[in-house]
Structures are given as C-alpha cells and as structure tokens.
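Thanks, everyone. Let's put the structure up and walk through it together.

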Amino acid sequence: MNHLFLSLFSLLMLYPVIWWVGASLKKTEELSLPTIWPKTPMWENYSKGWHFSSEYTFAHFFGNSLLMEVGNVFGGVLTAAIVAYGFGRLSFKLRGFWFSILLLTMMLPGQVTIVPQYILFNKLGFVDSYVPLVLPHFFGGGAFFIFLLVQFIRGIPRDLDEAAKIDGASVYGIFLRIIFPLIKPALMTVAIFTFIWSWDDFFAQVLYISSVEKFTVGLALRMFIDQFDIQWGQLLAMSLLSVLPSMLIFLFAQKHFVEGIATTGLKG
C-alpha cells in the first residue's frame with residue numbers, strides 16, 4: 001500500500017515535467033489541447049530552437065553560463081571555507097559580534113542591496129560583464145554557506161588541531177591539511193547550491209548583461225519572448241535543455257549533498 005501511494009504521489013509530482021516534455025514537441029496551435037503527447041512529435045523544435053539566433057547557437061549561451069558558473073562555484077566554495085574556518089576555529093576580538101552581524105545579513109532582503117550594488121558596479125565600469133555576477137561569490141560566498149560550514153567545522157574535534165600544532169603545522173597548514181579535507185561533504189553542498197542558485201538567477205543576469213554575445217541561457221530564452229510570433233515549442237524545448245545541467249549535477253552529487261546536509265545537522 002505504501003509503495004502504491006508513493007508511486008501515485010511520484011507520478012503526480014512528475015506530471016508537470018511529463019507535460020513539459022510533450023509540449024516541447026508540439027506545434028504552437030496544439031498547446032491548448034488537453035493531450036500530453038502530440039500526435040506527430042515535432043523533433044525539429046529542438047534543432048530550430050538550438051539555432052534560434054542568426055548569430056549564435058545555444059551552445060554559445062551554454063558556454064557563457066558554464067564559464068560564469070566556474071567562477072561562482074570556485075569563489076564561493078573557497079572563500080566560504082576560509083571565512084568559516086576563521087569563525088569556527090580562530091579566536092579574535094568581537095568574534096561573536098561579527099558572527100551575529102553575519103547571521104543578520106541572512107534576514108536582509110536582496111532588493112535592499114541591489115540598487116547600491118548596481119550603482120557601485122556601474123561606477124567601476126563593470127556593467128555588461130560577468131564581474132557583478134561572479135565577484136560577490138569571492139567575498140565569502142554568502143552568509144548561509146558560511147553558517148553551514150561553521151557548524152560543520154565546530155563538530156570536528158579540536159584534538160586534531162592540537163596534534164597538528166605539535167607536529168609544527170601553522171594556522172594555514174591546519175586549514176589546508178586538516179579542516180579543508182574533512183569538510184568536503186559540506187563543500188559539495190555549497191558547490192551544488194551555488195551552481196543551482198546562480199544558474200537560475202535571472203534577475204541579476206538581466207540587470208547587468210545587455211550584449212547578446214554575453215547572454216546566459218536564461219537571457220537567451222527571453223529572446224523567444226521578445227519576438228512577435230513566439231515559437232512556444234522551441235522555447236519549451238530550449239528551457240527543458242536549460243535545466244539539464246542543474247539536474248545532472250544534483251543527481252551525480254546527490255550522495256555528497258545528502259551527506260553534507262545530514263552531517264551538518266548533527267554537528268553543533
């Protein structure tokens with residue numbers, strides 16, 4: 001009975017995706033029909049959508065997005081680990097105060113900071129580039145990720161640090177040889193969240209990027225809406241392809257993701 005209930009519930013959850021796949025193979029006039037799968041699948045929706053732009057294929061836009069994600073993930077994981085190590089292991093004045101300020105920033109809506117942030121990047125000449133999208137990830141990666149890693153680091157026995165100090169390891173050596181390898185599950189969690197959130201961050205991308213040659217996948221999908229005769233089948237086909245990187249990364253890294261979340265929750 002439980003398996004039957006779970007199967008029906010899974011089917012219910014998958015229905016939008018099944019409809020999405022079927023709609024990507026339909027003609028525009030067929031989208032209003034109640035059928036899920038078209039009588040004659042329009043596989044050319046994928047090829048035509050892929051070559052939608054007269055200048056660039058979607059491979060170009062995917063390349064732009066992936067290039068941006070490399071910087072986001074690298075910067076977010078590295079700097080979040082460094083900042084979390086400072087809060088979790090080092091002793092300095094007002095450490096508790098600054099950590100509280102860090103946590104308070106999690107309650108600050110992004111809309112509050114977007115205007116001054118845009119003015120700053122505009123004065124620096126970084127608008128219409130990937131710098132405003134990538135650079136913030138090199139300043140701690142985000143309060144949530146730092147908090148997650150701090151909780152993980154606090155659960156690592158300090159005896160390992162003391163043993164490393166006896167062997168002559170410096171503060172930096174302890175981080176590189178002891179802490180960093182032990183927090184890999186949590187770092188994988190940070191990397192997955194960073195990739196998915198920044199990949200889906202359409203608002204920041206449309207705010208800072210205006211040149212077609214620099215468009216990400218999300219901005220390229222908007223080009224379908226900007227035309228008079230919207231090809232919905234091609235739009236749905238390309239939007240389906242646009243979610244594949246996030247799905248594949250989550251599926252292949254699911255073990256590390258679950259381990260990172262579970263172990264972080266147990267550590268205090």
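Start with the aromatic rings. Ring pairs join Trp-50, Phe-52, Tyr-56, Phe-58, Phe-61, Phe-62, Phe-195, Trp-199 and Phe-224 into a cluster. In total, the structure holds 25 aromatic pairs. Take one of them, Phe-58 with Phe-61. Their ring centres are 5.6 Å apart. The planes make an angle of 80°, and the pair is edge-to-face.

Why can these two meet? Phe-58 and Phe-61 are three residues apart in helix α3, so about one helical turn separates them. An α-helix has 3.6 residues a turn, so residues three or four places apart point the same way. And are the two rings' residues buried or exposed? Phe-58 is buried, at 2% relative accessible area. Phe-61 is buried as well, at 1%.

A word on confidence. This is a predicted model. The average pLDDT is 88, and 95% of the residues score at least 70. Helix α6, residues 131–134, has the highest confidence, with a mean of 95. Helix α15, residues 254–266, has the lowest, with a mean of 59.

Back to the cluster, and to Phe-224. Phe-224 is in α12 and is buried. So are Val-217, Leu-219, Ala-220, Leu-221 and Met-223 in that helix. What covers them? The cover includes α2, α3, α10, α11 and α13.

Now the pockets. The largest holds about 1,300 Å³ of space. It is lined by 34 residues, and the closest to its centre are Gly-110, Thr-113, Gln-117, Pro-136 and Gly-142. Which elements build the lining? At least two residues each come from α3, α4, α5, α6, α7, α10 and α11. Helix α5 gives the most, six residues. By type, the lining has 20 nonpolar residues, 13 polar and one charged.

Next, the second largest pocket. About 200 Å³ of space lies there. Its lining has 14 residues, and Trp-199, Asp-200, Val-217, Gly-218 and Ser-242 are the closest to the centre. Two or more lining residues come from each of α3, α11 and α12. The largest share, three residues, is from α12. This lining splits into six nonpolar, six polar and two charged residues.

Let me tie two threads together. Trp-199 belongs to the aromatic cluster, and Trp-199 is also among the residues closest to the centre of the second largest pocket. Val-217 is buried in α12, and Val-217 is on that central list too.

That's the tour. Over to you.

Technical notes:
Residues are numbered from 1 along each chain as its sequence is written. This is a predicted model: local features need pLDDT of at least 70, side-chain atom pairs count only at pLDDT 80 or more; totals for chains, interfaces and linings use all residues. Side-chain values use heavy atoms; hydrogens and water are left out. pLDDT is the predictor's confidence in each residue, from 0 to 100. Helices (H or I, at least four residues) and strands (E, at least two) are DSSP runs, numbered from the N terminus. On a 1 Å grid over the protein atoms alone, a cavity is a set of points where a 1.4 Å probe fits but cannot get out, and a pocket is an open set with protein on both sides within 12 Å along at least five of seven lines; lining residues have an atom within 4 Å of a point. Grid points are joined across faces, edges and corners, and a volume is the space filled by probe spheres set on the points. Ala, Val, Leu, Ile, Met, Phe, Trp, Tyr, Cys and Pro count as nonpolar, Asp, Glu, Lys and Arg as charged, and the others, Gly among them, as polar. Buried means under 20% relative accessible area, exposed over 50%, partly exposed in between (1.4 Å probe, protein chains only). Contact means heavy atoms within 4.5 Å. Rings of Phe, Tyr and Trp (its six-membered ring) pair if their centres lie within 6.5 Å; planes under 30 degrees apart count as stacked, over 60 as edge-to-face and the rest as tilted.
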